[in-house]
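Work through the two exercises below with the sequence and the structure in view, and try each task before reading its solution.

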Amino acid sequence: MIQTTLDIETIRKDFPILNREVNGKPLVYLDNAATSQTPQQVIDVIVDYYQNYNANIHRGVHSLSQEATDAYEAARIKIKKHYNIAKTHEVILTSGTTHSINLVANGFTSFVKEGDEILVSAMEHHSNIVPWQMLCERTGGVLKVIPMNQKGELVMEEFHALLSDKTKLVFCNHVSNALGTVNPIEEIIDASHKVSAAVLIDGAQAAPHIKADMQALDVDFYTVSAHKVCGPTGVGMLYGKEEWLNKLPPYQGGGEMIAEVTFEKTTYADLPHKFEAGTPNICGGIAFGAALDYMNSIGFEAIAQYEEELLQYATEQLLAIDGLKIYGTAKNKTSVISFNIDGIHPYDIGTILDKLGIAVRTGHHCAQPIMDFYKIPGTVRASFSFYNTKEEVDVLVEGVKRAKNMLL
Ligand SMILES: *Cc1c(COP(=O)(O)O)cnc(C)c1O
């Protein structure tokens, strides 16, 4: 029995897309770790913006521009409150996690010297590996990897052994998108600070499951993409401690990020605008705020508890299939199940599931080093959200059985 205080049937009515059919079958959307679906409440905010007050922000004296600016800045305050951020100007609105990480990696160019060390975890998304490799190429810094074990947990003794006064930066995701592992970021942040290393936590995958508290964590940087948390694509957050954001140089030059421009010299705008060159995704930022409102109206505790039940049920049902192996069995994990069946390529399973209306992801999930670690080409990944049901898990399990029978 799955128990929840949530009224899942009512919640599902908020998501019009869940009513559609795919290949003649009701859609079973289990690709939430790639992107979440958008509730009507957020769609309404997007439509309202374009129907009623679409205008460029911050520069205009006219009323529409004022309304758009007010709504955009109100969204920034919603994000600040949601993540318990001390100062509003510590919220930088970006195009998403990838943009946020690149902004920091670029900014660190002058803070990393030859031989300095940057630690990254073994279970990073490509967007949290490549920018650091590029930073090392520019600076002569050295990238070191915090290893993981077969369960998909970081080996914390090795992490502590890697830390030294050469460590300048530590990067880790809060939750792994490929395995679902929730990493012990509190321990990582505290230990890194003891050697005066800065820490960036990629919170993209944590966003729909965990309400992170920036002040309690005392983290230096934290990133989020709105589209993982019921918001639109192409917008997200970089949280940075004020002292770091003041030290880092701007990432892009352009309008909005300047105080004064002459051909001899330009001075930069104050935070947060120093990092927000050009016209931002105005509608997206406003909708990001609405998405957090929506999630909070449901409640993160109830969401986490229900998703945990779905995860346990799905894990049991899938493991009952002969030859099925789950990758990522960390004690502390979110509702993501990466799996393979002996002798079958994950892509073939994904293709058959799609014919049955079931959306899962197959491949390396932008985390190729994890697949190399397990010596597999990829996995089938089913990731569950609070709007998924036990019945949908049953459809998945039947679909996987059917795929197995067809392919073996
Ligand atoms: C989705 C995701 C990213 C990338 O987010 P974008 O919105 O594509 O920039 C990075 N890290 C993790 C853990 C993710 O889940």
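**Exercise 1.** Find which residues surround the ligand, and state how much of its accessible area the protein covers.

*Solution.* Start with the residues that have a heavy atom within 4 Å of the ligand; among them are Thr 97, Thr 98, His 125, Asp 202, His 227 and Lys 228. The model is predicted, with local features needing pLDDT of at least 70 and side-chain atom pairs pLDDT 80 or more, while totals for chains, interfaces and linings use all residues. Residues are numbered from 1 along each chain, and side-chain values use heavy atoms, without hydrogens and water.

Next, look for polar contacts, which are pairs of N or O atoms within 3.5 Å. A polar side-chain atom of Thr 98 lies 2.6 Å from a ligand oxygen, and one of Lys 228 lies 2.7 Å from a ligand oxygen. Finally, of the 390 Å² of accessible area (Shrake-Rupley, 1.4 Å probe) that the ligand has on its own, the protein covers 86%.

**Exercise 2.** Determine the strand order of the open sheet of 4 strands, and explain why one side of β13 and of β16 is left without a neighbour.

*Solution.* Take strands as DSSP runs (E, at least two residues; helices are H or I, at least four), paired if at least two bridges join them. The order is then β13-β14-β17-β16, with antiparallel pairing. Because β13 (324-327) and β16 (361-363) stand at the edges with a single partner strand each, one side of each has no neighbour in the sheet. To check one pair, follow the 3 bridges between β16 and the antiparallel β17 (residues 379-383), where Gly 363 stands opposite Thr 379.

Note on methods
A polar contact is a pair of N or O atoms within 3.5 Å; within protein, one must be able to donate a hydrogen and the other to accept it, and residues adjacent in sequence count only if both atoms are side-chain atoms.
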